[in-house]
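User: I'd like a close look at one part of this model, and then a walk outward from there into the rest of the fold. Could you take me through it in one connected answer?

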Amino acid sequence: MMVLQDFHDVTTELLTVLQDQNIVERDDRIERITKLLDRREAFLSHIKPPFSDEELQLGRQSMLLNQQVDQLLLLQKQEIQRDIKELNQKKKTSNKYTNPYENLSTDGMFYDKKK
């Protein structure tokens with residue numbers, strides 16, 4: 001019972017961190033999320049049946065919380081992917097601006113018709 005309660009508490013804390021918009025620094029947020037996910041994984045490996053009625057109820061609550069966590073993690077992942085894509089686009093645009101002739105094709109020839 002104690003392990004299941006700890007799992008539920010860590011899941012609730014993880015959900016709170018994912019929903020907290022006050023954490024501005026993405027690296028801090030990702031670090032906290034990673035630590036909480038690691039703790040949850042450790043608890044998950046120790047959860048073994050048989051379960052009492054109270055444990056089953058707590059497990060159902062944890063599963064509902066886990067669905068919310070999954071959705072928020074997916075949103076976080078999409079946000080990071082979007083930022084990476086924007087950063088790559090900015091890099092490409094910046095590179096074209098600093099060296100506009102870098103990607104010009106050099107396989108063409110100039111042909112002078114005058115003899």
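Analyst: Ser45 sits in the loop between α2 and α3, and since this is a predicted model, everything below describes computed geometry. With a relative accessible area of 42%, Ser45 is partly exposed; that value falls between the 20% limit for buried and the 50% limit for exposed. The side chain of Ser45 has two polar partners worth looking at. One of its polar atoms lies 2.8 Å from the backbone oxygen of Ala42. The side chain of Ser45 also makes a polar contact with the side chain of His46, at 3.4 Å. Looking further along the chain, Ser45 and Val3 are separated by 42 residues in sequence, yet their C-alpha atoms are 9.6 Å apart in space.

Staying in this loop for a moment, have a look at Pro50, which is also placed between α2 and α3. The peptide bond leading from Pro49 to Pro50 is cis, with omega near 5°. As background, most peptide bonds are trans.

Now step back to the whole protein. It has three helices and zero strands, and along the sequence they give the pattern α-α-α. Of its 115 residues, 19% count as buried. Among contacts between residues at least 6 apart in sequence, 76% join residues at least 24 apart. The three helix pairs show where such contacts can be looked for, so to speak, and we can take them in turn.

Start with α1 and α2. Helix α1 covers residues 2–19, and its axis comes within 9 Å of the axis of α2, with a crossing of roughly 160°. That angle makes α1 roughly antiparallel to α2, because angles over 145 degrees are counted that way. The crossing of this pair is left-handed. On the α1 side, the contact is made by Val3, Asp6, Phe7, Val10, Thr11, Glu13, Leu14, Val17 and Leu18. Facing them from α2 are Arg29, Arg32, Ile33, Leu36, Leu37, Arg39, Arg40, Phe43 and Leu44. By class, the contact of α1 with α2 has eleven nonpolar, one polar and six charged residues. Val3, which we met above through its C-alpha distance to Ser45, is one of the α1 residues in this contact.

Next comes α1 with α3. The axes of these two helices also come within 9 Å, but here they cross at roughly 25°. This makes α1 roughly parallel to α3, and the crossing is left-handed. From α1, the residues in contact are Leu4, Gln5, Phe7, His8, Thr11, Thr12, Leu14, Leu15, Leu18 and Gln19. They meet Glu55, Leu58, Gly59, Gln61, Ser62, Leu65, Asn66, Gln68, Val69, Leu72 and Leu73 of α3. The contact of α1 with α3 divides into ten nonpolar, ten polar and one charged residue.

Leu65 is a good place to zoom in on this pair. Leu65 belongs to helix α3 and is buried, because its relative accessible area of 16% is under the 20% limit. Setting aside neighbours within four places in sequence, Leu65 is in contact with His8, Thr11, Thr12 and Leu15. For one of these, Thr11, the separation is 54 residues in sequence and 6.8 Å in space, C-alpha to C-alpha.

The remaining pair is α2 with α3. Helix α2 spans residues 26–44 and α3 spans residues 53–98; their axes come within 13 Å and cross at roughly 145°. This crossing, too, is left-handed. Arg26, Arg29, Ile30, Ile33, Leu37 and Arg40 of α2 meet Asn66, Leu73, Gln76, Glu79, Ile80 and Asp83 of α3. Sorted by class, that contact has five nonpolar, two polar and five charged residues.

Asn66 is a fitting place to finish. Asn66 lies in helix α3 and counts as buried, at 16% relative accessibility. Its side chain makes a polar contact with the side chain of Arg40, at 2.8 Å. Not counting residues up to four places away in sequence, Asn66 touches Thr11 and Arg40. Thr11 is among the α1 residues that meet α3, while Arg40 is among the α2 residues that do so, and with Asn66 in α3 the view from this residue takes in each of the helix pairs we have just walked through.

Note on methods
Residues numbered from 1 in each chain as written. Predicted model: local features only at pLDDT ≥ 70, side-chain atom pairs only at ≥ 80, totals over all residues. Heavy atoms only, no water. Axes fitted to C-alpha atoms, helices over the stretch in contact; angles between N-to-C directions. Helix = DSSP H or I, 4+ residues; strand = E, 2+ residues; numbered from the N terminus. Left-handed = near helix turned anticlockwise from the far one by under 90°. Contact = heavy atoms within 4.5 Å. Nonpolar A, V, L, I, M, F, W, Y, C, P; charged D, E, K, R; others polar. Parallel < 35°, antiparallel > 145°, perpendicular 65-115°, else oblique. Buried < 20%, exposed > 50% of the residue type's maximum accessible area, 1.4 Å probe, protein only. Polar contact = N/O pair within 3.5 Å; in protein donor to acceptor, adjacent residues only side chain to side chain.
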